[in-house]
Amino acid sequence: PWRQVGARRLHLVHEPPSPEADLRSMTGNDLLRHVAEHSQQPFAKYSLEDLLRLNELSAQERLLHLDEVLHVGISKIILLLQDLPMGFGIRGPIREVIQDYVADIRDLRANPPDDPEAFQACILAIFSRHRGMLGQIARGLRDFQQEALKEFEPVASLNVTGLADCESVPAVQKIQRTLDEFFTVRTTLRLLIAHCMQLAPEDRREEMGFAMHQLLQRIPDSLRRESSGAMQARHVGAICLDTRPSVILIEAYRHAHFMCKRQFNRASKLVVNGMSAKKFLAGGMDHTIVETHFPYVDIHLYFVFFEVLKNALLTSIKKAGPDEEPPPIHAALITGTSLSFENERTVKITDSGEGINRDDVRKVWSYFHSRAKENLTNWPAGPEFSSAPRQVPTVGRGLGLAVSRVLVR
């Protein structure tokens, strides 16, 4: 029933619930018992090696493993959100999130991995169900903060503050820590789903082509050809074995630039290692250099770059004013050998925008802090932008840097 894969000991035997129970009409007590039992089981993040070693399992073994991890992870999420202090978990948007995860448990119980077709359809439905979840969390944070500020109105001449200023309050600290843990578990589950589904046999990939496009966006083939000649990046599941940070950085910039250009009719240029992004792609990346790559989850790197570049573009536009062209954004790709090689491990992004108020620096990782006024909703259109995610979840919601840190960790 157990199999050792690298440092992980995987349980590969499905234990169905008692046959007398009607899975689709699972009672409240059954559900609570199920969540309580599974939430006590250990849940670990996955290293790249862990994910790559899942390829050693058979398709059925991967589904069994995925089922077990989902039950544990979703149960932990339900209790995490339910137990938040100060009534955070009873806010309407947060209750909706909890109810969606409860629905996941019911669906998983009704569609065990013994039936691979039904189980995979269930998994895709679960993945789609939570696509707009970050918006729900953002609304819950906003509603909670508004209610909290009403309850604790300042006296005399004291200024109204926000929960991001209350970092020493134990309840606020617990909410921050819990949201970090929630996003960590959520990210792990979604990554594991995408990875296992991408490792499915080829005939299943064709059948689920549209769903797979929704699960994992990729760098456009046109950009890959433009930047790296005949070389195509190789993927094992959700992991890109040939991660090229500069390609992902420039693609994230193109999407953020397009959005700013459409909404504000101007946007900063990007300078990479002292040259324009286009010139860098054309002359700074020799397609004959194919060995200096490293494995990484490329879509995570895309979202982190997009968030940082989006913030840099917005603050540069504000600093320039309505009549001036915003100054360029500079990116430095630093390696241990030569800048012409694609083995970057450090990326520095610098803008000349408004900057961050000294008092706000410590708040940038807070889920309760946001200076976002613009909600960039005009997304790239046309075939050259077919890979751009339709809804980048961090835009205009104040969650971007906090969630980006979770992705990196």
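**A tour from Arg234 to helix α13**

Begin by selecting Arg234 and Asp242, which form a salt bridge whose closest N and O atoms are 3.0 Å apart. As you look at this pair, keep in mind that the model is predicted. Its two partners differ in their surroundings, since Arg234 counts as partly exposed at 44% relative accessibility, whereas Asp242 is buried, with a relative accessible area of 6%.

Next select Pro295, which lies in strand β7, residues 294-296, and which is partly exposed with a relative accessible area of 34%. If you display its contacts and leave aside neighbours within four places in sequence, you will find Leu48, Ile239, Cys240, Leu241 and Thr243. Adding Glu49 shows a residue 246 places away from Pro295 along the chain, with the two C-alpha atoms separated by 9.6 Å.

Move on to helix α13, residues 298-320, which spans 33 Å from its first C-alpha to its last, close to the 33 Å expected. This helix is mostly covered, with 19 of its 23 residues buried, and Gly321, which follows it, has a positive phi near 85°.

Within α13, pick Glu307 and Lys310, whose side chains meet in a salt bridge at 3.3 Å, N to O. Because they are three residues apart in the helix, about one helical turn separates them. Glu307 counts as buried at 3% relative accessibility, and Lys310 counts as buried at 6%.

Salt bridges that share partners also join Asp104, Asp107 and Arg129 into one network, which can be selected as a group. Finish at Asp143 and Arg142, where the side chains meet in a salt bridge at 3.3 Å, N to O; Asp143 is partly exposed at 24%, and Arg142 is partly exposed at 44%.

Note on methods. Residues numbered from 1 in each chain as written. Predicted model: local features only at pLDDT ≥ 70, side-chain atom pairs only at ≥ 80, totals over all residues. Heavy atoms only, no water. Helix = DSSP H or I, 4+ residues; strand = E, 2+ residues; numbered from the N terminus. Buried < 20%, exposed > 50% of the residue type's maximum accessible area, 1.4 Å probe, protein only. Contact = heavy atoms within 4.5 Å. Expected span 1.5 Å × (residues − 1). Salt bridge = Lys/Arg side-chain N within 4 Å of Asp/Glu carboxyl O.
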